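Let's take a friendly walk through this protein model. Have the structure open as you read, and look for each part as it comes up.

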Amino acid sequence: MTSASTISNGTAPIHAAIAGEALIDLIRRPDGSYLPCLGGALYNLCRALARQGVGTQYLNPLSRDRFGRELAAQLVADGVVLAQPEPVQQVTSLAVVNLDAYGHPDYAFYREGVADRAVSAAGLGDSCAALPGLQLVCTGALALDARDTAIYLPWLAAQRAAGRCVVVDANLRPSVMPDLPAYRTTVHAALAHAHIIKASDEDLEHLAVPGVDALARAQHLLAANPQAHLLALTLGAEGAWLLHRNGVQRFAKEAQPLPVVDTVGAGDSFLAGLLTHLLRQLQAAGSASFVRFVEALAADACQQALCHALASASLCVMEQGCVPPGWEAARAWSQQHPAAQDPRRHGVAPAPLEAGRL
């Protein structure tokens, strides 16, 4: 791993390649006005990974309009490498964000004829093929729109076949999808390619995954995707689980309530923290294959990565918009505010993973 300044100079190897939306979040203020913020789940993930020291490339094009230039400038400032540095004519995607009393966002998207969708499976694949040190690829969220199936599903299949770790963040937006059954089908098809799955309790409900609670649904989803090794389940303020196919189940939750400003980008910061910690463990172990490393992950390694992911999300929710923390800040928070690790204290009883259940 290297510093963001080294990455931005183009000398660090790229370990992560991210494909998906980059957009402007128009966040409604209490006075009724809207604050424009750089956003998009995969865009946020790029920034969060780079800020934690991971060599990261963003694969989608950006617009030549003012918003697109601002999106590109922020990625470069954070140390992200642009696979397509030349801007395109298509406009930037917009998301209108209304926050409820708890700071949780509700979205409306404007994404017809936009820059981040001006991409092909072949183009994504060519960009990845040019990265000899690439360990993982990630997509999810709006990229799982059924209308973009021909772009992302072939690319995920090709990346898995090439030996790279495939990460899929379900991050559903059902309210803005015109055909919800088709959307669910596409999300499940993408998850079938994943080595690592991230999903929230709300995602599992939207996907109609069976189970008496979120943990049971997560267990079912992992069992139903036999190619996956690891599943991260986020529960908002109630913490998070990390489930491994070998039966390991680990839980973490902030021991004290946080002063939440909003939750924009929290899940993206969580995933970045998780992946960064695992990549650093890979480096420390001297392993060559991230896929093989994740497949054999031990219980202690799962817990450490989960706590770092939780700290990364916690620091994000205390800021307005998505402000992902750096590695040292997340590490310091995790050390100074040890997470609660016993789910029974929070009314969530761990259950055995039913590996054969579909």
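## A helix with two sides

In this predicted model, helix α4 covers residues 121-129, and Leu 124, Ser 127 and Cys 128 in this helix are buried. If you look down the axis of α4, the buried residues fall within an arc of 100°, so they line one face of the helix. Turn to the other side of α4 and you will find Ala 122, Asp 126 and Ala 129, which are exposed.

What covers the buried residues of α4? The cover includes the strands β1 (16-18), β4 (56-58) and β8, along with helix α5.

## The sheet

Strands β1, β4 and β8 also belong to an open sheet of 9 strands. Reading across, the order is β5-β4-β1-β8-β9-β10-β11-β12-β13, and the pairing is mixed. The edges are taken by β5 (81-82) and β13 (249-252); each has a single partner strand, so one side of each is left without a neighbour in the sheet. Helix α5 (residues 149-161) packs on the sheet, where it touches β8 (136-140) and β9 (165-169). The direction of α5 makes about 160° with that of β8.

As a reminder, strands of a sheet pair through backbone hydrogen bonds, and they can do this either parallel or antiparallel. For an example, find strand β10 (residues 196-200) and strand β11 (residues 230-234): these run parallel and are joined by 5 bridges. Within this pair, Ile 196 has Leu 230 of β11 as its bridge partner.

## A buried asparagine

Now find Asn 44 in helix α2, which spans residues 41-51. Is Asn 44 buried or exposed? Its relative accessible area is 3%, and because buried means under 20%, Asn 44 counts as buried.

Leaving aside neighbours within four places in sequence, Asn 44 is in contact with Leu 38, Gly 39, Gly 265, Asp 268, Cys 322 and Pro 324.

## Two crossing helices

Finally, look at helix α11 (residues 299-317) and helix α12 (residues 327-336). Their axes come within 8 Å and cross at roughly 105°, which means that α11 is roughly perpendicular to α12.

Which residues make the contact? From α11 come Cys 307, His 308, Ala 311, Ser 312, Ser 314 and Leu 315, while α12 brings Trp 327, Ala 329, Ala 330, Arg 331, Trp 333 and Ser 334. Sorted by class, the contact of α11 with α12 has 7 nonpolar, 4 polar and 1 charged residues.

Definitions and conventions
Residues numbered from 1 in each chain as written. Predicted model: local features only at pLDDT ≥ 70, side-chain atom pairs only at ≥ 80, totals over all residues. Heavy atoms only, no water. Axes fitted to C-alpha atoms, helices over the stretch in contact; angles between N-to-C directions. Helix = DSSP H or I, 4+ residues; strand = E, 2+ residues; numbered from the N terminus. Parallel < 35°, antiparallel > 145°, perpendicular 65-115°, else oblique. Contact = heavy atoms within 4.5 Å. Nonpolar A, V, L, I, M, F, W, Y, C, P; charged D, E, K, R; others polar. Pairing = 2+ DSSP bridges. Buried < 20%, exposed > 50% of the residue type's maximum accessible area, 1.4 Å probe, protein only. Arc of directions from axis to C-beta.
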